[in-house]
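Reader: I am in my first year and still learning to read models like this one. Could you take one part of it and go through that part slowly and closely with me?

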Amino acid sequence: PMDTIRMQLKTLNRQQGLYSKTKTMMKNNLIALLDQTYPGVNALFDSPVREDGSQKWVDFATTFWHVDCVRAMSLTAFTERYTFSQSRAVEIHMEAQDLIAMLPKDALTKTMIRQAIDALNAVSKSLEQLKAEMRTLAAKLPEYPVVMAMRGVGDSLGPQLMAEIGDVTRFTHRGAITAFAGVDPGADQSGAHEAKSNHTSKSGPPELRRALFLVMDCLLKTQPKDDPVYRFMDKKRSEGKPYLVYMTAGANKFLRIYYGRVKEYLATLEEN
């Protein structure tokens with residue numbers, strides 16, 4: 001049963017990656033269209049994606065798809081229609097007066113914008129559903145509580161890591177799991193020559209390395225002083241190491257800790 005769950009989780013993760021790329025493409029397409037009707041509308045709101053995949057700026061653009069939709073309304077009417085914040089409504093209404101639209105406010109332009117919004121909302125909703133399914137499936141794996149307790153790992157990255165790493169018991173030692181992920185130093189020696197600093201092998205799944213780098217990025221942003229991986233990366237960074245060097249070194253250390261904690265936890269479960 002665990003093998004089936006792991007295979008399903010990995011398949012879901014690959015689907016999530018595909019949908020994420022599609023969402024980025026759809027988002028860029030919508031922004032490019034809106035730049036010709038309402039420049040900068042995507043930057044008016046900085047809100048997280050909701051459970052159904054929707055976002056505040058997209059909701060706003062659905063109603064106010066052209067800058068003339070705002071300009072045609074009086075400040076009082078727009079403030080009444082805009083239900084978030086009165087001061088913000090005044091600011092948006094004033095900024096709209098100076099914007100220049102390249103496309104006319106007509107039925108064809110509206111159709112293009114609405115179609116782009118519908119496409120983005122559809123793929124965004126599917127993506128959030130995939131993430132929810134991954135969380136549910138990952139929770140059935142024995143290592144779930146250990147992985148989710150690690151710094152830098154959240155509801156999204158935790159299932160991704162478990163999906164791509166799989167069963168850690170198949171790795172004989174820590175070096176095996178870092179080699180599998182492709183974050184181990186590659187060999188560069190010939191005869192008497194042996195390089196002191198080598199590129200990583202990058203032999204494993206790119207989806208795993210991407211998830212690892214996102215975890216490292218989270219650690220660098222949150223700066224947990226008591227986390228050994230962050231301290232290790234910060235030390236490498238302070239030594240003047242390039243970005244890819246300290247990020248890869250952090251991913252290597254993280255995987256070694258991941259391997260040790262998960263394997264120890266699984267051994268405890270077997271004893272009990």
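Author: Helices (H or I, at least four residues) and strands (E, at least two) are DSSP runs, numbered from the N terminus. Counted in this way, the chain has 12 helices and two strands, and from the N terminus on the elements follow the order α-α-α-α-α-α-α-α-α-β-β-α-α-α. The model is a predicted one, in which local features need pLDDT of at least 70 and side-chain atom pairs count only at pLDDT 80 or more, while totals for chains, interfaces and linings use all residues. Residues are numbered from 1 along each chain as its sequence is written, and side-chain values use heavy atoms, with hydrogens and water left out.

The part to look at is helix 8, residues 157-165. Nine of its nine residues are buried (under 20% relative accessible area, where exposed means over 50% and partly exposed is in between, with a 1.4 Å probe and protein chains only), so helix 8 is largely enclosed by the rest of the structure. Among these buried residues are Leu157, Gln160, Glu164 and Ile165. The buried residues of helix 8 pack against helix 1 (2-34), helix 6 (107-138), helix 7 (144-148), helix 9 (174-181), helix 10 (206-222) and helix 12 (243-271). After helix 8 comes glycine 166, with a positive phi near 75°.

Within helix 8, leucine 161 deserves a closer look. Leaving aside its neighbours within four places in sequence, leucine 161 is in contact (heavy atoms within 4.5 Å) with Val153, Gly166, Leu208, Ala211, Leu212, Val215, Phe254 and Tyr258. In the largest nonpolar core, a set of buried Ala, Val, Leu, Ile, Met, Phe, Trp, Tyr and Cys residues joined through side-chain atoms within 4.5 Å, there are 43 residues, of which Leu161, Ile165, Leu212, Met216, Phe254 and Tyr258 touch the most other members. Helix 8 is one of the helices that each supply at least two residues of this core, and the largest share, nine residues, comes from helix 12.

Two of the partners of helix 8 also meet each other: helix 10 and helix 12 pack at an angle of about 105°, with their axes 9 Å apart, where axes are lines fitted to C-alpha atoms, for helices over the stretch in contact, and angles run from 0 to 180 degrees between N-to-C directions. Leu212 and Met216 of helix 10 take part in this contact, as does Phe254 of helix 12.
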